[in-house]
Amino acid sequence: MPGVRGPSEYSQEPSRDPSLKEPFNAEPPRSALVSSYVTPVHLFYKRNHGPIPIVDHIENYSVSFTGLIDNQTKLSIKDIRPLPKYNVTATLQCAGNRRTAMSKVRNVRGVGWDVSAIGNGVWSGAKLADVLELLGIPKLTSSTVLGGRHVEFVSVDRCKEENGGPYKASIPLSQATNPDADVLLAYEMNGEILNRDHGFPLRVVVPGVIGARSVKWLDSINVLAEECQGFFMQKDYKMFPPSVNWENINWSSRRPQMDFPVQSAICSLEDVQMVKPGKVSIKGYAVSGGGRGIERVDISMDGGKSWVEASRTQKPGKHYISEHSSSDKWAWVLFEATVDVSQSTEVIAKAVDSAANVQPENVESVWNLRGVLNTSWHRVLLRLGHSNL
């Protein structure tokens, strides 16, 4: 693409916070996640499949709109910025978040994420529904006159899984044209211009859906009759039962994963951690896909026999109410509970969303060969001893 290129090697990577654990696909320490409601840009987890694209000439950058539409065109940032600007607070989460716990059951393939492949940002840009309307596709449309039913996002990011081709993914046209779905063509993150790691100059943000669909470094947007046929839609990020292995897998038997299930994790404590006898603060995040709120977060100190309810917050100083207009429906909830610790024990957190979906008890029941969507109860082992907590 003129103005943006995907290099073939990693010598020109941007500088990053030293606390990020890996050089290319990186997550912050779990404690950083509960330091603020909005995750600072430098601590937001990073995922890409090739070297970070380089912008040579921003004035030459544009996104191509092609496919089953009457008005195929190219739009530059200058074309998109005059559209109404929306700020959407949304949590992005890799489908492989908490994969390391799943790998302890049986081997899985994928980046070994702990609990920090997740972050909450304020994304700013034009709604995709407004952009598509410019091209003659009305809002709340499920099919174009030419038969388009899906919107594909193609990146500058080149990856081996696509045999050197671009990363790509799609969402239904009905979602793309729905203003209430808040799908953005974002050019800002947390009030600042997107940086290279997070998609500069333009990315899509699809709230409530696994992060794999929020494609960065946009090259083109295509309206298709069928969903994207790329690797990450057809041969990855699908949920299989524990009985499926690499010998009997049938990728076509499952649909691509979109909404993520209800999830929570304890972030104020590491596993295993030494603590002094007495009161210990348990903090973490809870989130659910599809715009569902968090109705409850429960904490147990006795293996799930009894529970105490944690407090829940979003915006500082404002009471959080699930499914209320004052709450950010696409964003995580931070929880906190204070417990008494008198012996070595396991702390458990589980969340319940507004549809009464609850996290499964055991990781074994959701184990899958790709290690995705580990939403089992989160457990942290505490040992009594000397600690500064």
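**Four-strand sheet**

I started with the open sheet of four strands, which runs in the order β13-β15-β19-β18 with antiparallel pairing. This is a predicted model, so everything I note here is computed from predicted coordinates. Which strands stand at the edges? I found β13 (263–266) and β18 (311–313) there, and each has a single partner strand, so one side of each is left without a neighbour in the sheet. I also looked up the twist, which averages 25° from one strand to the next.

Next I went through the pairings inside this sheet. Strand β15 (residues 278–287) and strand β19 (residues 333–341) are antiparallel, and I get nine bridges between them. For the register I took two positions: K283 has E336 in β19 as its bridge partner, and I282 has A337 in β19. On the other side of β19, I see three bridges to β18, again with the two strands running antiparallel. There, T313 stands opposite L334 in β19.

A reminder to myself for reading side chains off these strands: in a regular strand they alternate between the two faces of the sheet.

**Five-strand sheet**

I then turned to another open sheet, this one of five strands in the order β14-β21-β20-β16-β17, and its pairing is mixed. The edges here are β14 (273–275) and β17 (308–309); each has a single partner strand, so one side of each lacks a neighbour in the sheet. I checked one pairing in detail. How many bridges join β20 to β21? I get five between strand β20 (residues 345–353) and strand β21 (residues 378–384), which run antiparallel. V347 is opposite V380 in β21.

**Annotated spans**

I pulled the UniProt record for domain limits. An unreviewed entry lists residues 256–382 as "domain: Moybdenum cofactor oxidoreductase dimerisation"; I keep the spelling as I found it. In the model, that span is 0% helix and 41% strand, and its end C-alpha atoms lie 38 Å apart.

The record, also as an unreviewed entry, has "domain: Oxidoreductase molybdopterin-binding" over residues 49–231. For residues 49–231 I read 11% helix and 36% strand, with the end C-alpha atoms 12 Å apart.

**Cavities**

I ran through the enclosed space next. The structure holds three cavities of 30 Å³ or more. The largest cavity has about 270 Å³ of space. Which residues come closest to its centre? Of the 19 that line the largest cavity, I noted R47, R203, G211, S214 and K216 as the closest. What is the make-up of that lining? I sorted the residues into nine nonpolar, six polar and four charged.

**Aromatic pairs**

Searching the whole structure gave me 10 aromatic pairs. I wrote up one of them, F44 with W123: the ring centres are 5.7 Å apart and the planes sit at 85°, so I class the pair as edge-to-face. It links distant parts of the chain, 79 residues apart, with F44 in the loop between β1 (4–5) and β2 (54–55) and W123 in strand β6 (residues 118–127).

**Backbone oddities**

I finished with two backbone checks. Is the peptide bond from F200 to P201 cis or trans? I find cis, with omega near 10°. P201 falls in the loop between β10 (192–193) and β11 (203–205).

The other entry is N163, which has a positive phi of about 55° although it is not a glycine. I placed N163 in the loop between β7 (150–158) and β8 (166–172).

Conventions: Residues are numbered from 1 along each chain as its sequence is written. This is a predicted model: local features need pLDDT of at least 70, side-chain atom pairs count only at pLDDT 80 or more; totals for chains, interfaces and linings use all residues. Side-chain values use heavy atoms; hydrogens and water are left out. On a 1 Å grid over the protein atoms alone, a cavity is a set of points where a 1.4 Å probe fits but cannot get out, and a pocket is an open set with protein on both sides within 12 Å along at least five of seven lines; lining residues have an atom within 4 Å of a point. Grid points are joined across faces, edges and corners, and a volume is the space filled by probe spheres set on the points. Ala, Val, Leu, Ile, Met, Phe, Trp, Tyr, Cys and Pro count as nonpolar, Asp, Glu, Lys and Arg as charged, and the others, Gly among them, as polar. Two strands pair if DSSP finds at least two bridges between them. Axes are lines fitted to C-alpha atoms, for helices over the stretch in contact, and angles run from 0 to 180 degrees between N-to-C directions. UniProt positions are given in the numbering used here, feature names are shortened, and annotations may be inferred rather than shown by experiment. Rings of Phe, Tyr and Trp (its six-membered ring) pair if their centres lie within 6.5 Å; planes under 30 degrees apart count as stacked, over 60 as edge-to-face and the rest as tilted.
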